[in-house]
Amino acid sequence: MAKRSEELAAMSQVLVDIGGTSIRLGWQSQKAEDVRDPVTYACRDFATPVDALRQYCDQNQLKVNSVVLAVAAEISGLEVDITNNPWIFNARELAQELGANEYLLINDFTAQAFSNSALLSPEPSIIPEHHILLRKGVQAAGSPLLVTGPGTGLGVAALLPSSSGPMVIEGEGGHVSFAPRDEGERNILAALAAEFGHVSAERVVSGPGLEAIYKIQNGARLAAPEIGDGALAGDNKCLKAVNLMFKSFATVIANAALNFGAGSGIVIAGGITPRLRGLLDQSGFYERLGDHGRRSTFLSDLPIYLAIDPFAGLRGAGHAARSAQLSHRIGKIIS
């Protein structure tokens with residue numbers, strides 16, 4: 001108890017992971033790397049992210065020194081506009097309102113990628129905590145690791161080893177053009193193109209994408225969690241929608257793995273796949289991933305891991321704050 005009181009009295013680093021649906025929060029003392037008191041709030045319950053942060057900091061009696069913000073948005077300057085969320089805010093102003101002295105703003109999949117640093121180990125046969133091995137493969141030591149997965153949106157990043165520690169290749173791979181491979185996917189593309197014009201991979205491979213697939217296939221609306229539940233229960237209409245999404249996801253993975261040269265393997269993150277992982281084998285996912293012409297063998301040999309820690313983004317945000325790669329992006333607030 002005395003140790004807890006001592007930590008609370010010290011200056012703390014608050015970790016924030018904001019997606020389209022949820023905001024996850026945790027904190028670290030300046031002397032420790034463990035994420036303390038992690039929670040998940042629904043974004044819709046707060047008018048602004050500052051409101052959520054104030055509630056969390058008050059409940060945990062935190063004296064904030066620094067804030068690490070991992071957000072599901074393009075990072076360009078300090079203004080943040082969450083892609084699938086109405087929140088718009090300025091990172092520096094948010095940190096100032098909390099009384100922080102420092103802040104770091106990164107993409108949410110940059111944090112997700114950093115949380116998988118243990119998979120770059122020279123002993124890949126040891127599966128780290130918070131991961132499930134979906135497919136044993138052959139890791140090419142020293143090469144990038146692909147980290148991707150659908151949730152409210154679709155995140156894509158890569159992690160690679162360096163002499164100064166793991167580094168992240170940041171990007172917006174969820175917004176590449178959707179690439180259909182069969183008639184069912186072409187029908188989805190045509191329907192979405194009529195509505196949006198450009199159709200990104202995220203329009204199909206995500207929670208809202210699963211809802212769009214189901215509606216186009218069946219002419220009726222159903223929420224993504226209901227489609228998932230139906231598929232797990234064996235409902236054919238729901239299974240058809242999930243299978244199309246997973247096959248489309250395999251195409252996204254194949255393209256990204258080839259672009260990054262991700263010889264260390266693939267990590268599937270995000271909220272959807274862990275819940276529906278029992279459907280992967282029969283969905284056509286693995287067959288599609290390996291069906292890539294002259295590079296089929298490379299893709300078929302990659303190890304695949306499933307990230308199952310809902311607070312991975314917080315652990316990765318803490319790692320990002322300690323990373324030499326991002327040290328120049330830490331903003332200072334001088335009062």
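**Pockets, strands and aromatic rings**

The lining of the largest pocket is made up of 20 nonpolar, 21 polar and nine charged residues. The model in which this pocket appears is a predicted one, and the account below begins with its open spaces before turning to strands and rings.

The volume of the largest pocket is about 1,000 Å³. It is lined by 50 residues, of which P150, G151, T152, G270 and G271 are the closest to its centre. Several elements contribute to this lining with at least two residues each. Among the strands that do so are β1 (11-18), β2 (22-29), β9 (145-150) and β10 (154-160). The helices that do so include α4 (108-114), α6 (207-218), α7 (224-232) and α9 (272-276).

The second largest pocket holds about 440 Å³ of space. Its lining consists of 20 residues, and the closest to its centre are L192, F196, P208, G209 and A212. Two or more residues of this lining come from each of α5 (183-196) and α6. Helix α6 is the greatest contributor, with six residues. Helix α6 also supplies at least two residues to the lining of the largest pocket. Classified by residue type, the lining of the second largest pocket has seven nonpolar, seven polar and six charged members. F196, one of the residues closest to the centre of this pocket, has a further contact: the charged end of R203 sits over its ring, 3.7 Å from the ring centre.

The strands β9 and β10, both of which help to line the largest pocket, can now be considered as a pair. They run antiparallel and are joined by six bridges. The hairpin that connects them passes through three residues. Within this pairing, G149 has G155 of β10 as its bridge partner. Strand β10 is mostly covered, with six of its seven residues buried.

Strand β10 also pairs with β11 (residues 167-169), again in the antiparallel sense, over three bridges. Here L159 is matched with V168 of β11 as its bridge partner. The hairpin of β10 and β11 has six residues between the strands, and in it G165 adopts a positive phi near 110°. Strand β10 is thus bridged to β9 and to β11.

The aromatic side chains provide another set of contacts, with a count of four aromatic pairs. In one of them, F246 and F285 meet edge-to-face, at 6.5 Å centre to centre and with 75° between the planes. This pair links distant parts of the chain, since F246 belongs to helix α8 (residues 236-260) and F285 to helix α11 (residues 285-290), 39 residues apart. F246 and F285 are both buried.

F285 also pairs with F249: the ring centres lie 6.1 Å apart and the planes stand at 40°, so this pair is tilted. Again distant parts of the chain are linked, with F249 in helix α8 and F285 in helix α11, 36 residues apart. Both F249 and F285 are buried. Taken together, ring pairs join F246, F249, F285 and Y286 into a cluster.

Definitions and conventions:
Residues numbered from 1 in each chain as written. Predicted model: local features only at pLDDT ≥ 70, side-chain atom pairs only at ≥ 80, totals over all residues. Heavy atoms only, no water. 1 Å grid on protein atoms, 1.4 Å probe; cavity = no way out; pocket = protein on both sides within 12 Å on 5 of 7 lines; lining within 4 Å. Points joined across faces, edges and corners; volume = space filled by probe spheres on them. Helix = DSSP H or I, 4+ residues; strand = E, 2+ residues; numbered from the N terminus. Nonpolar A, V, L, I, M, F, W, Y, C, P; charged D, E, K, R; others polar. Phe/Tyr/Trp six-rings, centres within 6.5 Å; stacked < 30°, edge-to-face > 60°. Buried < 20%, exposed > 50% of the residue type's maximum accessible area, 1.4 Å probe, protein only. Lys NZ or Arg CZ within 6 Å of the ring centre and 35° of its normal. Pairing = 2+ DSSP bridges.
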